[in-house]
Amino acid sequence: MTSIVDSFNQGRKKAPISFEIFPPKGDLTLDQAREVAGGLAVLDPSYISVTCSAGGSSLAGKSPNATARTVSMIQEEFGVRGMAHVTCIGATEESLAEVIADLKARDISTVLALRGDLVEGAQPGPFKLAVDLIPRLKEAGFTVAAAAYPEGHVDCLDPQDNIRHLKAKQDAGADFFVTQLFFSNDVLYRFLEDAHKAGVTAPIDCGIMPFMSKSQIQRMVFLCGASLPSPIIKLLAKYEDSEDDLLKAGVEYAAQQLVDLDAHGVDGLHLYSMNRPAVARACVEAVRAARG
């Protein structure tokens with residue numbers, strides 16, 4: 001398989017579309033992941049990303065691990081590039097070496113380097129931030145993606161620091177970025193402008209998450225620090241008594257975001273699929289219809 005980096009827009013008219021298997025509670029089994037991946041694979045994505053919680057375990061210190069097994073399954077059974085998330089919180093030199101060996105044994109060549117969620121009582125290790133992890137993964141021969149935060153990480157209050165952190169990840173060796181979810185494309189366009197002014201040249205894959213319910217969007221806002229634009233607030237108010245209508249409105253809103261991003265020539269379109277191939281299909285069909 002060619003590198004994921006090779007698939008990005010960078011001057012081409014059509015941005016690649018990718019997906020993430022994103023189990024909300026970390027309880028996705030391998031068989032369930034296979035069913036979801038199969039539904040996504042037929043949409044011809046450039047890659048499918050698998051979170052650390054897929055299969056119910058994290059990467060740190062666990063070999064073999066469910067994330068690596070899921071990515072390996074996607075590549076072997078569906079012929080789609082896979083990307084495994086690697087977190088550094090709580091990792092030791094030994095556990096990271098185990099993870100790297102396991103990924104290589106499964107022919108996984110692309111990883112997303114993340115700090116990971118802070119867990120109360122976790123022992124501090126040698127890797128405190130994703131930027132500390134990136135050089136080690138590059139040395140091991142991986143294509144390395146890193147996270148980008150259009151509105152800043154929830155722990156980062158200074159927009160300028162946010163851009164500096166982004167540039168530092170590129171300087172550490174990040175080959176491309178995947179953004180945190182956002183609900184306003186204008187926010188993304190301002191972020192891209194600031195990133196490019198700061199010298200960020202690596203492709204930036206734009207992550208969109210369809211909102212499925214009021215509780216889900218409230219959780220995402222608090223976890224990720226994403227702002228809610230007026231149109232979404234109005235949709236939440238209009239359909240608060242109808243889950244089906246709110247879900248439909250959420251998918252349509254995400255599809256409109258993706259169509260607009262595509263028209264603006266972004267490097268890539270990344271959909272947080274919430275394990276719903278039907279939702280992914282609706283969004284992809286909207287983008288492809290708009291392309292004509």
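What share of the chain's 292 residues count as buried? The answer is 52%, and keep in mind that this is a predicted model. The chain is built from 10 helices and eight strands. Below is a quick tour of the fold, the core and the charged pairs.

**Overall picture**

- Look at contacts with a separation of 6 or more, and you'll find that 80% of them link residues 24 or more positions apart.
- The accessible surface of the chain adds up to about 13,300 Å². Carbon and sulfur atoms own 51% of that surface.

**The nonpolar core**

- The largest nonpolar core takes in 92 residues. Within this core, L103, F177, L188 and L261 are the ones that touch the most other members.
- Helix α9, running over residues 243-263, gives the most to this core, with seven residues.
- L261 is worth a click if you want to see the packing. Skipping neighbours within four places in sequence, L261 is in contact with F182, N185, L188, Y189, C206, I208, V266 and L269. One of these partners, L188, is also among the residues that touch the most other core members.

**Salt bridges**

- A search of the whole structure turns up 12 salt bridges. As background, side chains of opposite charge can pair when their charged atoms come close.
- R34 and D31 make one such bridge, with 2.8 Å between the closest N and O atoms. The two sit three residues apart in helix α1 (residues 30-41), so about one helical turn separates them. R34 is partly exposed, at 27% relative accessible area, whereas D31 is exposed at 56%.
- D102 and R106 also pair up through their side chains, at 3.0 Å from N to O. On the acid side of this pair, D102 is buried, with a relative accessible area of 9%; the cut-off for buried is under 20%.
- K197 bridges to E193, and here the closest N and O atoms are 3.3 Å apart. K197 counts as exposed at 65% relative accessibility, while E193 is partly exposed at 44%. Both belong to helix α6 (residues 185-197), where they are four residues apart, so they too lie about one helical turn from each other.
- There's a small chain of shared partners as well: salt bridges join D31, R34 and E77 into one network.

Notes: Residues numbered from 1 in each chain as written. Predicted model: local features only at pLDDT ≥ 70, side-chain atom pairs only at ≥ 80, totals over all residues. Heavy atoms only, no water. Core = buried A, V, L, I, M, F, W, Y, C linked by side-chain atoms within 4.5 Å. Buried < 20%, exposed > 50% of the residue type's maximum accessible area, 1.4 Å probe, protein only. Contact = heavy atoms within 4.5 Å. Areas by Shrake-Rupley, 256 points an atom, 1.4 Å probe, with all protein chains shown as cover. Salt bridge = Lys/Arg side-chain N within 4 Å of Asp/Glu carboxyl O.
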